[in-house]
Amino acid sequence: MSHNPKKRPAETQEEAWVADEDRFVLQQAKKKAALRIKSGRSRPIDLLAVALRTIDPSRNGFDDDDGDDDSLVVNPEAVFEGLGSTQLEELEKEIDTYLALEKNRSNYEYWQTMKVVCKDRRRESQSTHAGKSISSVAKDLDKILGPKTLKELESLEKQIKQKLRSNEPIDVDYWESLLKRLSVHKARALLRKVSQDVMGARTKELFREQEEAAARLSQDIMQKITAAGDSPAKINVANLDPESSLRIAPSDKMLPIIDCRQFEDNIRRDWDRVKKAGFVAGRSANATSGAKGSSKSQDVGSGSAAYEREVARGMGENEEVFAAEEVEAMTRRPPWADQYEPRKPRYFNRVQMGFEWNKYNQTHYDQDNPPPKVVQGYRFNIFYPDLIDNTKAPTYRIERENGRRKGQTFAPAGEDDTCVIRFIAGAPYQDLAFRIVDREWDYSAKRDRGFKSSFDKGILQLHFQFKKIFYRK
């Protein structure tokens, strides 16, 4: 008698109920994560959940109006910075919860990547706390794998698996160690890609918003031109004041006079130029839609416009977007939080990269085969349009962990120490902190390396490069 493998209707119905319940729990978890971030009570798991929202086309579990909230634009790579072993252990357990609930394949892979990175950070944190150093073999493997791209790592992974399946005499322990360490570097590379996708998606959204704003403005101008018509209005010459022309400023008299058609052609030509450029900077959505004139609305509009102008400048030849936030800065509750709702300031930072021709690189590389690029400086642009007390300029400070002082180094040979740069502004803005390379700044006034620290029109700008170290050949 053959066994019938088909499921009974009751079993199928029960599985559907369980799937619906899991879907509901997942949606609620994501909504709660967004709410905690908006209210300034975020945890690392909330930031990772919301980062996924940017690259998940379905945005399952998030409200439609969340897309307009800049506090929900999170760089996942920054979430792990500054977390201790206990925090990482808790985060790993919370990641497991999302893994158990997530049914979307790409989202599931996202959480798997986060877990691998979390476990590796936790291992490093435990080793540091126990005073253990990384083995020389692990260091050698990291030097091999660290500079490789995701594509290169995937290709190498295939080659190693083929080698392990082959019958050729090889050092199996070495190749298995390399494969295990490769999985960690692959997860790190995936995390970097996700971070770039998140920031890229937000930049594209800004482009789209500004293009739509420009289209509305252009349409409004065209409608007014059309309504005016081609024929000049009839004027009663008897009512003209002959003295009025004498009161026109001399500079205004020098302005060129153009007819309606020419003005319309100029508008169309400028609009075509803007479309080709791909981005319209300047006017915010509030400004173009005629937002009502409280001072706060105007401040928000001007702050948005300043931010978008900075984004529109794009990247220099050796620049990249920099958003390595320290999560701890956002979880601190400021003393004025009961009086004002804390908010995260907007920012658009750049890191400057370049080649360093030290003795090792001079020996092993040349102009045709250059060494990996290293950090040479930063350009911080942070926007505070709504400061309660705008007579006090925001400040910044450098924080070094484990009692390390300026000039001291705890980093292994060939690596740089890092520190935290914290920006403090006061109500209603939360502190903002970033993990940066800790090297000596160049305070010279040279044009290409000029140090800049200023606060003007609600924008804090801190631009600096590191001192160059020259080596004799």
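**Close-up views of a predicted model**

**View 1. Three strands form an open sheet in the order β5-β6-β7, with antiparallel pairing.** This is a predicted model, and the legends below should be read with that in mind. β5 (395-399) and β7 (432-437) are the edge strands, each having a single partner, so one side of each is left without a neighbour in the sheet. On average, neighbouring strands here are turned by 25° against each other, direction ignored. Let us look at one pairing in more detail: β5 and strand β6 (residues 418-424) run antiparallel and are joined by five bridges. Within this pairing, Tyr396 sits opposite Phe423 in β6. As a reminder for anyone tracing side chains, those of a regular strand alternate between the two faces of the sheet.

**View 2. The loops on either side of β6 hold two backbone features, at Asn402 and at Pro428.** A little background helps here: most residues other than glycine have a negative phi, and most peptide bonds are trans. Asn402, in the loop between β5 and β6, has a positive phi of about 60° although it is not a glycine. With a relative accessibility of 69%, Asn402 counts as exposed, because the cut-off for that class is over 50%. In the loop between β6 and β7 we find Pro428, which is joined to Ala427 by a cis peptide bond with omega of about 0°.

**View 3. Lys457 lies in the loop between β9 (452-456) and β10.** Here is another residue that is not a glycine but has a positive phi, this one of about 55°. Is Lys457 buried or exposed? Its relative accessibility is 77%, so Lys457 counts as exposed.

**View 4. Strand β4 (residues 374-383) is largely enclosed by the rest of the structure, because seven of its ten residues are buried.** Which strands does β4 pair with in this view? Strand β2 (residues 346-347) pairs with β4 in the antiparallel sense over two bridges, and there Tyr347 stands opposite Ile382. Strand β3 (residues 349-354) is also antiparallel to β4, with five bridges between them; in this pairing Arg350 faces Arg379 of β4. Seven bridges link β4 to β10, again antiparallel. Ile382 turns up once more in this pairing, where its bridge partner in β10 is Leu460.

**View 5. Trp441 and Phe464 make a stacked ring pair, since their centres are 3.7 Å apart and their planes meet at 15°.** The pair links distant parts of the chain: Trp441 belongs to strand β8 (residues 441-442) and Phe464 to strand β10 (residues 459-466), 23 residues apart. Both Trp441 and Phe464 are buried. They are members of one aromatic cluster, which also includes Phe322, Tyr347, Tyr378, Phe380, Phe434 and Tyr443. Tyr396 and Phe423, already met as opposite residues in the β5 and β6 pairing, are in this cluster too.

**View 6. Tyr110 and Trp111 offer another kind of ring geometry, one of the 22 aromatic pairs in the structure.** Their ring centres are 5.2 Å apart and their planes stand at 80°, so this pair is edge-to-face. Both Tyr110 and Trp111 are buried.

**View 7. Two lysines lie over aromatic faces, Lys163 over Trp175 and Lys373 over Phe355.** How far is each lysine from the ring centre? For Lys163 and Trp175 the distance is 5.1 Å, and for Lys373 and Phe355 the distance is 5.7 Å.

**View 8. Helix α4 (residues 85-101) has 17 residues.** From its first C-alpha to its last, α4 reaches 25 Å, close to the 24 Å expected at 1.5 Å a residue. Its buried residues include the leucines Leu88, Leu91, Leu99 and Leu101, together with Ile95 and Tyr98. Glu92 and Glu94 are buried as well.

**View 9. Ser183 is part of helix α8 (residues 172-228).** At 35% relative accessibility, Ser183 counts as partly exposed, because this value falls between the cut-offs of 20% and 50%. Ser183 and Glu157 are 26 residues apart in sequence, with their C-alpha atoms 8.3 Å apart in space.

**View 10. The whole chain has 14 helices and ten strands.** Of its 473 residues, 35% are buried. Among contacts with a separation of 6 or more, 71% join residues 24 or more positions apart.

Technical notes. Residues numbered from 1 in each chain as written. Predicted model: local features only at pLDDT ≥ 70, side-chain atom pairs only at ≥ 80, totals over all residues. Heavy atoms only, no water. Pairing = 2+ DSSP bridges. Helix = DSSP H or I, 4+ residues; strand = E, 2+ residues; numbered from the N terminus. Axes fitted to C-alpha atoms, helices over the stretch in contact; angles between N-to-C directions. Expected span 1.5 Å × (residues − 1). Buried < 20%, exposed > 50% of the residue type's maximum accessible area, 1.4 Å probe, protein only. Phe/Tyr/Trp six-rings, centres within 6.5 Å; stacked < 30°, edge-to-face > 60°. Lys NZ or Arg CZ within 6 Å of the ring centre and 35° of its normal. Contact = heavy atoms within 4.5 Å.
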